[in-house]
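Dear colleague,

I am passing the structure below on to you, and I have written out afterwards what was found in it. Please read the notes with the structure open beside them.

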Amino acid sequence: MTVRGSQLGNDVDEGRVPPGQRVTEKFPALHYGSIPKFDPDTWDLRVFGLVEQPVTLSYTELLALPTTRIVADIHCVTGWSKLDTVWEGVLFEELMNLVQLKREAKFVLVRCEQDFTANVPLEVLMDEDVLLAYTYDDAPLTPEHGHPLRLVVPKRYLWKSAKWVRGLELMAQDRLGFWEVRGYHNNADPWKEERYAQ
Ligand SMILES: Nc1nc2c(c(=O)[nH]1)N[C@H]1C(S)=C(S)[C@@H](COP(=O)(O)O)O[C@H]1N2
Ligand SMILES: [Mo]
């Protein structure tokens with residue numbers, strides 16, 4: 001298994017907490033709508049859009065892909081940050097290895113249960129700390145935190161880390177996701193305090 005991120009055991013939090021954020025030990029659950037039910041027999045993950053051949057994975061097929069572990073600090077736009085969170089799952093980049101991207105593919109719309117979406121540039125997701133996670137803190141994800149599969153994009157505010165992911169749509173043009181349509185910043189870099197759109 002590949003292990004990424006080396007911040008575990010670092011006691012020096014200074015310089016690790018973005019402006020306007022406070023560290024919490026808790027793990028609040030925040031989302032719009034209700035927690036979807038998981039049916040392993042019908043669940044699938046689709047990679048589609050600007051790819052030569054779309055791919056559909058069952059949960060078993062997803063779990064068979066190489067596992068990566070990341071240790072990451074996460075930052076919620078509501079003001080809490082959580083340090084050294086531990087996740088395991090499949091690297092976004094690993095999933096892209098299953099398809100041949102078309103040259104025009106530059107943006108991704110992450111599609112979730114109940115029509116929730118989040119948009120992230122492809123380049124950002126190809127980072128080596130971006131995971132489609134199925135465990136948190138060495139246990140299966142809990143339903144409220146995104147079981148069976150959620151995105152983790154540590155370098156962006158947490159609303160981009162979509163829970164209950166079912167699809168990755170490759171696009172040529174950017175398309176705003178659920179919270180981005182509702183006034184949140186499209187880029188969402190916590191170090192630049194990109195909380196809300198102008
Ligand atoms: N599917 C889905 N994913 C979502 C959301 C949502 O409403 N639906 N909310 C986002 C927001 S605003 C936040 S802050 C994080 C919270 O993740 P957590 O509940 O695991 O703390 O989930 C993100 N992922
Ligand atoms: Mo949020």
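A good place to begin is the bridge in which G89 of strand β6 is partnered by A133 of β9. This is a predicted model, in which local features need pLDDT of at least 70 and side-chain atom pairs count only at pLDDT 80 or more, whereas totals for chains, interfaces and linings use all residues. Residues are numbered from 1 along each chain as its sequence is written, chains are lettered from A and ligands numbered from 1 in the order in which they are written, and side-chain values use heavy atoms, with hydrogens and water left out.

The G89 bridge belongs to a set of five that join β6 to strand β9 (residues 131-136), the two running antiparallel. Strands here are DSSP runs of E with at least two residues, numbered from the N terminus, and two of them count as paired if DSSP finds at least two bridges between them. Strand β6 itself spans residues 80-91, and 11 of its 12 residues are buried, that is, under 20% relative accessible area with a 1.4 Å probe and protein chains only.

β6 has further partners. With strand β5 (residues 68-75) it pairs in the antiparallel sense over seven bridges, one of which sets A72 against T85. These two strands form a hairpin with four residues between them, and G79 in the turn has a positive phi of about 120°. Strand β2 (residues 22-23) runs parallel to β6 and is joined to it by two bridges, and R22 has W80 as its bridge partner in β6.

A second group of pairings involves strand β3 (residues 44-49), which pairs with strand β4 (residues 55-58) in the antiparallel sense over four bridges. V47 stands opposite V55 there, and five residues lie between the two strands of this hairpin. β3 also pairs with strand β12 (residues 165-171), in the parallel sense and over four bridges, with F48 opposite E169.

Finally, the largest pocket has a volume of about 440 Å³. A pocket here is an open set of points, on a 1 Å grid over the protein atoms alone, where a 1.4 Å probe fits and which has protein on both sides within 12 Å along at least five of seven lines; lining residues have an atom within 4 Å of a point. Of the 26 residues that line this pocket, L30, H31, W159, K163 and W179 are the closest to its centre. By class, the lining holds 17 nonpolar, five polar and four charged residues, with Gly counted as polar and Asp, Glu, Lys and Arg as charged.

With best wishes

Technical notes: Points joined across faces, edges and corners; volume = space filled by probe spheres on them. Buried < 20%, exposed > 50% of the residue type's maximum accessible area, 1.4 Å probe, protein only.
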